[in-house]
Structure formats: structure tokens, C-alpha cells
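Colleague: I'm in my first year and still learning to read structures. Could you take me on a close look at the ligand site, and then show me what surrounds it in the fold?

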Amino acid sequence: MLVREELASTNDEARRLAENGAADGLVVLADRQTSGRGRRGASWYAAAGESLAFSIIVRPTEPQSLWPRLALAAGLAVAEAVESDIPGVGIKWPNDIWIGGRKVAGILVEAGGDFAIVGIGINVNTREFPPEVADIATSLHLAAGRMLESADVLTKILEHFIWRRSQIGAGFDEVLDGVRLRCVLTGHAVTLMTASGPRYGTMEGLGSGGELLLRTADGLERIIQADEVRLDDFNARA
Ligand code: BTN
């Protein structure tokens, strides 16, 4: 594991190291990120000393077409790792981790030529959030009502991830079952911003490749990727 006090983004540093031959499984951790990145080019806010920001270099043996599954595998690993301390941990497809309708962790998977970077940001002991995310964010500390050891959380996530990442080829059904069990969107009205415009409907579940099955007025659509996923059925967040 490579630990730095400050990095622009652990994903960027992990990519640089991977391009220079760093091994599969290397974890890059920063106490503080100055340009932490989220999905869709958003920035990722993480309170220094109260959150975990790390990236794992993965050199999958599976074909590249299956690498997007790493995002689901990582989301499941994070959920499994924290639910021993906190009940009711959910996954908002594809891989936001939710507790009580609020986001506690986010995952950013980026592919390079022969590697993928799995970046994980998790609010561990954060007590206060900036106004722009105060209504939608939470931390393990706020959910559990006690402080958690970041090192323990990290160890558990890595243990679960080692197992789940080995299932993106054969064994993916087990990842899917785990995600289905925790999926907070299933059965609810959602809006998905896709490359070909917004889609409205009810989430019916996950298809065999991890795609979202959306029941719309026109029938069943299989959504592979969405820029934004909104839960319209507000009561479901409670
Ligand atoms: C999201 O939900 O939008 C994804 C957030 C991912 C944040 C993590 S923190 C560690 C790693 N380094 C980054 O710059 N981003 C990811």
C-alpha cells in the first residue's frame, strides 16, 4: 500500500503508477485529495482525517468487455464491509452506497490499457458536510452513532473486494445476487439521464450483465449506463 498525506487524486496517482508497471492489487491512499474526482467529472468532497480516499490497481484476467462489472463488484464489497457495523446499507445502481436515503460512499472506476483503477471514497467519521451536499450525504459515524476506525473499514473493504473482483467473469451471478439484495431502486420510480436522453420508468431489477431493467410506457428497456440516476419516489428514500 502506498500512503500519501496529500495527492491531487488517488485515481490519477494509481493510473500513473499502473502505467509505470505497478502490480495488481496496489492500493494508493491519501489523507487528503486536492482534486478528488467523482463520476461525470464532478468533484469529490472528502473531509481530511474523517474520510477514506483510496484507489486499487486491478489487472483483470477477464476480457475488457467485463471490466465495467468491477463497479458493481466494488459497490457490493463496500456495502458488505460496512454492514457488519450498520444495518440497512443499500446500493443505488450502479454503485453509490446509501444509508437511510443518503450517500455514504462513491466509486469511480476508470480503465487504462491493461489495467483498471477502482477509486473508492467513503465518509467514515465525517460529522458535518458543506451546504451543497448536507441534505444528501451521510457518514458511517452519523449512521452508527459512534466513531469507526478508518483502518478497520479499509481492511474490511479490501477483503471483500479481493473476493468480489474475482467474480466478474465466472461467478458474476453471486455479485448480482448481492447487489439485487441491497438495491434501493428496485420497484421504484426513477429517472435516468442516458446518452440518448432521459428515461422514466420503474426499476424492475438487474439483468444478467448488471444492466438496469427499466419498465417504461413503451416496454422494458435495458440501461447499461446512465449519467445520473434519480429516485423519483421520494418515500423510498426514508
Ligand atoms: C462518485 O460517487 O461520484 C465517485 C466518487 C469517487 C471518489 C473516490 S475518492 C478516491 C478516488 N480518487 C478520486 O479522485 N476519486 C475516487
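Modeller: Of the 20 residues around the ligand, the ones that come nearest are S9, Q33, R37, R39 and K103. Please keep in mind that this is a predicted model. Three of these residues are good places to begin.

Look for Q33 and its side chain: one of the N or O atoms there is 2.9 Å from a nitrogen atom of the ligand. With R37 you should look at the backbone instead, where an N or O atom lies 2.7 Å from a ligand nitrogen. K103 uses its side chain, with an N or O atom 2.5 Å from an oxygen atom of the ligand.

Now let's place these residues in the fold. Q33 belongs to strand β2, which covers residues 27-33, and K103 belongs to strand β6, which covers residues 102-111. Both strands are part of an open sheet of seven strands, and if you walk across this sheet you meet them in the order β1-β2-β3-β7-β6-β5-β4. The pairing in this sheet is mixed. At its edges you find β1 (2-7) and β4 (89-92), and each of them pairs on one side only. From one strand to the next, the twist averages 20°.

Let's start from β2, the strand with Q33. Its partner β3 (residues 51-58) runs antiparallel to β2, and four bridges join the two. To see one pairing for yourself, find V28, whose bridge partner in β3 is S55. Helix α4 (residues 150-165) packs on this sheet, where it touches β2, β3 and β7 (116-123). The direction of α4 makes about 30° with that of β3. The loop between β2 and β3 holds R40. This residue has a positive phi of about 55°, although R40 is not a glycine.

Next, follow β6, the strand with K103. On one side, three bridges join β6 to β5 (residues 96-99), and the two strands run antiparallel. I97 shows this pairing, with A105 as its bridge partner in β6. The hairpin of β5 and β6 has two residues between the strands, and G100 there takes a positive phi near 55°. β6 also pairs with β7 in the antiparallel sense, over seven bridges. Here I107 has I120 as its bridge partner in β7. β6 and β7 form a hairpin too, with four residues between them.

Just before β5 there is a detail that is easy to miss. P94 lies in the loop between β4 and β5. The peptide bond that joins W93 and P94 is cis, with omega at about 5°.

Once you have found your way around this sheet, turn to the other one. It is an open sheet of five strands with antiparallel pairing, in the order β11-β10-β9-β8-β12. β11 (219-223) and β12 (228-231) stand at the edges; each has a single partner strand, so one side of each is left without a neighbour in the sheet. In this sheet the twist averages 40° from one strand to the next.

A good strand to follow here is β8 (residues 189-194). Six bridges join β8 to β9 (residues 197-206), which runs antiparallel to it. Two pairs will help you trace them: M193 stands opposite P198, and L192 stands opposite R199. The hairpin that joins β8 to β9 passes through two residues. β8 is also joined to β12 by four bridges, and these two strands run antiparallel as well. In that pairing, T191 has R230 in β12 as its bridge partner.

To finish, here are two things to check about the rings. R69 lies over the face of F172, at 4.1 Å from the ring centre. A search of the whole structure for aromatic pairs, however, finds zero.

If you go back to the ligand now, you can put the pieces together. Q33 sits in β2 and offers a side-chain atom at 2.9 Å from a ligand nitrogen. K103 sits in β6 and has a side-chain atom at 2.5 Å from a ligand oxygen.

Terms used:
Residues are numbered from 1 along each chain as its sequence is written. This is a predicted model: local features need pLDDT of at least 70, side-chain atom pairs count only at pLDDT 80 or more; totals for chains, interfaces and linings use all residues. Side-chain values use heavy atoms; hydrogens and water are left out. Rings of Phe, Tyr and Trp (its six-membered ring) pair if their centres lie within 6.5 Å; planes under 30 degrees apart count as stacked, over 60 as edge-to-face and the rest as tilted. A charge sits over a ring if NZ of Lys or CZ of Arg is within 6 Å of the ring centre and within 35 degrees of the ring normal. Two strands pair if DSSP finds at least two bridges between them. Axes are lines fitted to C-alpha atoms, for helices over the stretch in contact, and angles run from 0 to 180 degrees between N-to-C directions. Contact means heavy atoms within 4.5 Å. A residue is near a molecule or strand if one of its heavy atoms lies within 4 Å of it. A polar contact is a pair of N or O atoms within 3.5 Å; within protein, one must be able to donate a hydrogen and the other to accept it, and residues adjacent in sequence count only if both atoms are side-chain atoms.
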